[in-house]
Amino acid sequence: MQKESPSACIKLKEGTRPAKVVLMPGDPLRAKTIANRYLEDAVLFNDVRNMFGFTGSYKGREVSVMGSGMGMPSFTLYAYELFNFFDVEAIIRVGSCGSLRSEVRVRDVVIAMSASTNSSMPACYPIQGTIAPTASFDLLESAVASARGIGVNVKVGPVFTSDFFYNPDPEINKKTMNYGHLCVEMETAGLYLTAMNAGKRGLSILTVSDSLVTGEALSVEDRQESFDEMMKVALETAIQFQDSISGSDR
Ligand code: HPA
């Protein structure tokens with residue numbers, strides 16, 4: 001159980017804790033919706049700054065869901081605290097992204113193998129050169145297998161994590177596409193760096209909400225359908241992870 005916590009932004013409600021595996025959407029109200037829709041017996045564990053976190057169960061295994069906020073500074077703050085102060089072993093980001101390639105269409109589910117970034121965060125780790133923000137292979141393999149098992153078509157590859165939603169360079173999307181990035185979003189590199197630094201596991205599973213190639217964007221109904229597919233893949237991955245560590249000292 002947690003002792004006196006050094007945490008700045010997570011304060012556990014009495015008698016609660018995060019599970020070993022936490023799903024993280026950007027929007028804290030999305031976290032609440034996920035808890036209500038997919039988890040059984042979900043209990044609120046944090047509401048500091050309204051960044052709601054819930055712990056419940058899915059198919060009998062303990063799973064948490066918590067908002068991350070937008071961008072790497074917000075994401076890494078919460079991920080750091082969960083990994084380093086609350087014994088969380090794996091974080092799975094569930095979010096949206098903009099497609100950078102014609103073969104990645106709106107509604108598709110993307111699993112991020114690695115994340116390039118224009119953020120200076122990778123350069124801040126005290127090694128020579130820069131760290132390559134990379135997914136946990138265990139989680140990646142399990143997510144791909146889960147997706148195949150439930151018939152969800154996923155695209156797996158590198159993504160681009162941007163510090164900008166509104167990038168001042170009008171050519172940026174074309175330049176980023178040239179290196180094979182499947183899509184752009186704003187958090188994955190932060191998750192992968194934080195997980196690698198903590199010796200823990202991170203994976204980003206994303207739905208394509210808009211295409212920067214065609215200009216197409218998802219309708220509200222389509223958004224829900226592809227969101228459900230992403231959530232099923234993420235939840236299956238989470239419970240497989242729980243099973244893989246069960247027997248540990250919790
Ligand atoms: N840019 C950054 N993040 C995003 C986008 C985008 O176009 N679409 C969804 N998340």
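A polar contact is a pair of N or O atoms within 3.5 Å; within protein, one atom must be able to donate a hydrogen and the other to accept it. The structure examined here is a predicted model. Under that definition, the side chain of Thr117 makes a contact with Ser119: one of its polar atoms lies 2.9 Å from the backbone nitrogen of Ser119. The Thr117 side chain also reaches the backbone oxygen of Thr161, at 2.8 Å. Thr117 itself belongs to strand β6, which spans residues 109-117.

The chain as a whole holds 7 helices and 9 strands. Its radius of gyration is 17 Å, close to the 18 Å that the globule rule gives for 250 residues, so the chain is as compact as a globular protein of that length. Along the principal axes, the C-alpha atoms fill a box of roughly 50 × 45 × 30 Å.

The ligand occupies the largest pocket. Three elements each give two or more residues to the shell around the ligand: β5 (90-99), β8 (183-185) and β9 (201-211). Strand β5 gives the most, with 3 residues. The surrounding residues are Ser96, Cys97, Gly98, Phe165, Val184, Glu185, Met186, Ser209, Asp210 and Leu212. By class, the shell comprises 5 nonpolar, 3 polar and 2 charged residues.

Polar contacts to the ligand come from both backbone and side chain. At Gly98, a backbone N or O atom lies 3.3 Å from a ligand nitrogen. At Asp210, a polar side-chain atom lies 3.0 Å from a nitrogen atom of the ligand. On its own, the ligand has 260 Å² of accessible area, and the protein covers 88% of this.

Backbone geometry was examined next. Most residues other than glycine have a negative phi. Asn50 has a positive value, with phi near 60°. This residue sits in the loop that joins β2 (40-46) to β3 (53-58). Asp87 is not a glycine either, yet its phi is positive, at about 60°. Asp87 is placed in the loop between α2 (72-85) and β5. Strand β5, which follows that loop, is the element that gives the most residues to the ligand shell.

Technical notes: Residues are numbered from 1 along each chain as its sequence is written. This is a predicted model: local features need pLDDT of at least 70, side-chain atom pairs count only at pLDDT 80 or more; totals for chains, interfaces and linings use all residues. Side-chain values use heavy atoms; hydrogens and water are left out. A residue is near a molecule or strand if one of its heavy atoms lies within 4 Å of it. Accessible areas come from the Shrake-Rupley method with a 1.4 Å probe; for residues, only the protein chains shown count as cover. On a 1 Å grid over the protein atoms alone, a cavity is a set of points where a 1.4 Å probe fits but cannot get out, and a pocket is an open set with protein on both sides within 12 Å along at least five of seven lines; lining residues have an atom within 4 Å of a point. A molecule sits in a cavity or pocket if more than half of its atoms lie within 2 Å of its grid points. Helices (H or I, at least four residues) and strands (E, at least two) are DSSP runs, numbered from the N terminus. Ala, Val, Leu, Ile, Met, Phe, Trp, Tyr, Cys and Pro count as nonpolar, Asp, Glu, Lys and Arg as charged, and the others, Gly among them, as polar. The radius of gyration is taken over C-alpha atoms; the globule rule is 2.2 Å times the number of residues to the power 0.38.
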